[in-house]
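Please open the structure in your viewer and keep the sequence panel visible. The tour below proceeds by selection, one stop after another.

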Amino acid sequence: MISPGATNPAYTEKGLWNTFRTCGRDDQQGIVAGNYINDHFKDKKIAVIHDKTPYGQGLADATKKTFNDLGVKEVMYEGVNTGEKDFSALITKAKAAGIDVLYWGGVHTEGGLIIRQLADQGLKVTFISGDAIVNNELASIARDAVVGTLNTFGPDPRVDPANAELVKKFRDSGFEPEAYTLYSYAAAQSLAAAAKAAGSNDPQEVAKAMKEKGPFKTALGELAFDEKGDAKLPGYVMYEWKKMPDGSFTYEQQKQGG
């Protein structure tokens, strides 16, 4: 089993022989987000909000632990329910607390609504989240309020010149290979390369080759896996959502030191 987007640390920490991922882990992502908050917002009033799921709360707590360990404390910590549509009570509480920064542990559906409702109620905050808001539907929900939103994600494989032909094929077919698309592609490439290296389709042999025969050439570059099945990746970076000249919205990797 290989996942392009299972970021929960427990996925590979169970010590199973057959679990792999081409993405990073929430404990790694939380370190990057927590350090970013410490570097840029240590003197601001911070809220940590999550969706009570293993992913959302796990990522929020990993981020919170990182900046807490650096001496930064949040002034608000709340959980909301998935599927919720009205966040007025949450935003009223955030207003009363004078929140400057809101870290969201959750997906783009509720995240987009929170961003939009914050703007509708006149509360200007820096909204920061993780990989699960990296979806163009976020802008469809949040509209212009999405501008300035920050999120962690791996380096964007679409901008790698080695992927130019592959990206063009996706776009020519009418599909934008955003978010985890090329991570999924790399997962299939890794399995195929490991089976070839093993000279077998036997699961045990393929899994062994995944850990011992890499790195494999993929859309994410030369990809190898450790003994747990975690991908040896360059790590997470910070992105910022912007409005393009044509009126569309997208996320762009911040420049070093941004």
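Select Arg 25 to begin: this residue is buried, with a relative accessible area of 8%, where buried means under 20% relative accessible area, exposed over 50% and partly exposed in between, for a 1.4 Å probe and protein chains only. The model is a predicted one, in which local features need pLDDT of at least 70 and side-chain atom pairs count only at pLDDT 80 or more, while totals for chains, interfaces and linings use all residues. Residues are numbered from 1 along each chain as its sequence is written, and side-chain values use heavy atoms, with hydrogens and water left out.

Next, add Glu 13 to the selection. Arg 25 forms a salt bridge with Glu 13, and their closest N and O atoms are 2.9 Å apart; the term denotes a side-chain nitrogen of Lys or Arg within 4 Å of a carboxyl oxygen of Asp or Glu. The two residues are 12 apart in the chain: Glu 13 belongs to helix H1 (residues 10–13), and Arg 25 to the loop between strand S2 (20–21) and helix H2 (26–41). Helices (H or I, at least four residues) and strands (E, at least two) are DSSP runs, numbered from the N terminus. Glu 13 itself is partly exposed, at a relative accessible area of 40%.

Keep Arg 25 displayed and select Asp 230. A second salt bridge joins the side chains of Asp 230 and Arg 25 (2.8 Å, N to O). Asp 230 lies in the loop between S9 and S10 and Arg 25 in the loop between S2 and H2, so this pair ties together parts that are 205 residues apart in sequence. Asp 230 is buried, with a relative accessible area of 6%.

Now select Arg 21, which also forms a salt bridge with Asp 230, the closest N and O atoms being 2.7 Å apart. Arg 21 is in strand S2, and 209 residues separate the two partners. Is Arg 21 buried or exposed? At 0% relative accessibility, Arg 21 counts as buried.

To view the wider arrangement, select Glu 13, Arg 21, Arg 25, Asp 27, Lys 228 and Asp 230 together; these are linked in a network of salt bridges. The structure as a whole holds 15 salt bridges.

For the last stop, move to Thr 250 in strand S11 (residues 249–253). Leaving aside neighbours within four places in sequence, Thr 250 is in contact (heavy atoms within 4.5 Å) with Glu 240, Trp 241, Lys 242 and Met 244. Asn 135 is 115 residues from Thr 250 in sequence and 9.0 Å from it in space, C-alpha to C-alpha.
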